[in-house]
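Here is a walk through one protein model, from its overall make-up down to a single side chain. Keep the 3D view open while reading.

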Amino acid sequence: MISHAHHSHHHHHHDHSHGLAPHDHLHSHDHDRKASQRLLFIVLTLTLVYMIAEAVGGYLANSLALLSDAGHMFTDVAALALSLFAVRFASRPSTPRKTYGFYRLEILAALVNGVTLIVLSLLICFEAYKRLRSPEEINGWLLIIISSGGLIINLISAYLLSHSHQESLNVRGAFLHVLGDLLGSVAAVVAGIMVIWRGWKWADPVFSVIISVLIIYSSWRLVADAVNILLEGTPSHINIAAVEEAMRTVSGVREVHDLHIWTITSGRHAVTAHVVVNDASDSYRILRETRELLAGRFALTHSTIQIEDPTFATIFNVKKKEAC
């Protein structure tokens, strides 16, 4: 309930802070969001269709490299679906019951995804080990044809996302995934060429291990980020000392304490702090300036700031010391 109150307060504040034409600003922002949703959806569909093709092709060609590349594409499908989910939910109004609820669902899904993919990769590595000991027949031409198709699809996706990956954190994440996928498809193509040109059956399991390492790497990042968010960790790109330093520069601020910054969901961060002021009559000016500073310099738009005068702080600290 508290955070709901904070939300309505935030929006109330938000309406005034834009001054002249909040509608224009919001409209262009909505347009961007719609565009990035459409892009993500196109790329998601392309990747999903091709993932199925690679899985079937890998089974038919008896190629582990193709199967692991399909697994890698699945990491993409998962990441893209989460990005879309996040973009969709970011535009939903919060309900009194679930002020943050839906966002955390995305993070939990990311965590489950990451863990599943790591297990999948380890299974592929195990299978590759067995195949290295007794190589199996592989249909090299089928392997090359299908993985080349995957390569083309990834190039198209990368091209689509490359233009708008500056704006949205989600689109950037998707773009990086697609780039990783490109590497996976290249590896599968190379494995196919080696099988046909040299008759090296071992190329297939070897490249499947390389692709699995790629999957483990990208999933590890996914898991690490999700865990950090669930533990309310400070987002990795924000330097909390710098934020505190900046807040202290607002005139009339004596001290900043109990500063917390955490991530609600990818690309949305919240900050709470206690600010001790020299003169209580300055409170509203200081509150306004601090909020503007957080939003402007650090893009922290969800801020909840408690203003305290020096006497409040000393009484509070004395009580704390007695408690200790």
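**From the whole chain to one residue**

Of the 324 residues in the protein, 44% are buried. The model is predicted. About 17,600 Å² of the protein is exposed, and 66% of that comes from carbon and sulfur atoms.

Now trace the chain. Ten helices and three strands make up its secondary structure. Starting at the N terminus, the order is α-α-α-α-α-α-α-α-β-β-α-β-α. Contacts reach far along the sequence: of those between residues at least 6 apart, 75% join residues at least 24 apart.

Turn to the strands. Strand E2 covers residues 268-277. How enclosed is E2 by the rest of the structure? Nine of its ten residues are buried, so E2 is largely enclosed. Its partner is strand E3, residues 302-308. The two pair in the parallel sense, over seven bridges. One point to find in the view is Ala273, which stands opposite Ile305 in E3. Helix H9, residues 283-298, belongs to the same unit. Together E2, H9 and E3 form a right-handed β-α-β unit.

Finally, go back towards the N terminus, to helix H2. This helix spans residues 22-61 and contains Val56. Is Val56 buried, partly exposed or exposed? Its relative accessibility is 45%. Buried means under 20% and exposed means over 50%, so Val56 counts as partly exposed. Leu66 lies ten residues from Val56 in sequence. In space, their C-alpha atoms are 9.1 Å apart.

Note on methods. Residues are numbered from 1 along each chain as its sequence is written. This is a predicted model: local features need pLDDT of at least 70, side-chain atom pairs count only at pLDDT 80 or more; totals for chains, interfaces and linings use all residues. Side-chain values use heavy atoms; hydrogens and water are left out. Helices (H or I, at least four residues) and strands (E, at least two) are DSSP runs, numbered from the N terminus. Buried means under 20% relative accessible area, exposed over 50%, partly exposed in between (1.4 Å probe, protein chains only). Contact means heavy atoms within 4.5 Å. Accessible areas come from the Shrake-Rupley method with a 1.4 Å probe; for residues, only the protein chains shown count as cover. Two strands pair if DSSP finds at least two bridges between them. A crossover is right-handed if, with the strands pointing away from the viewer, the path from the first strand over the helix to the second runs clockwise.
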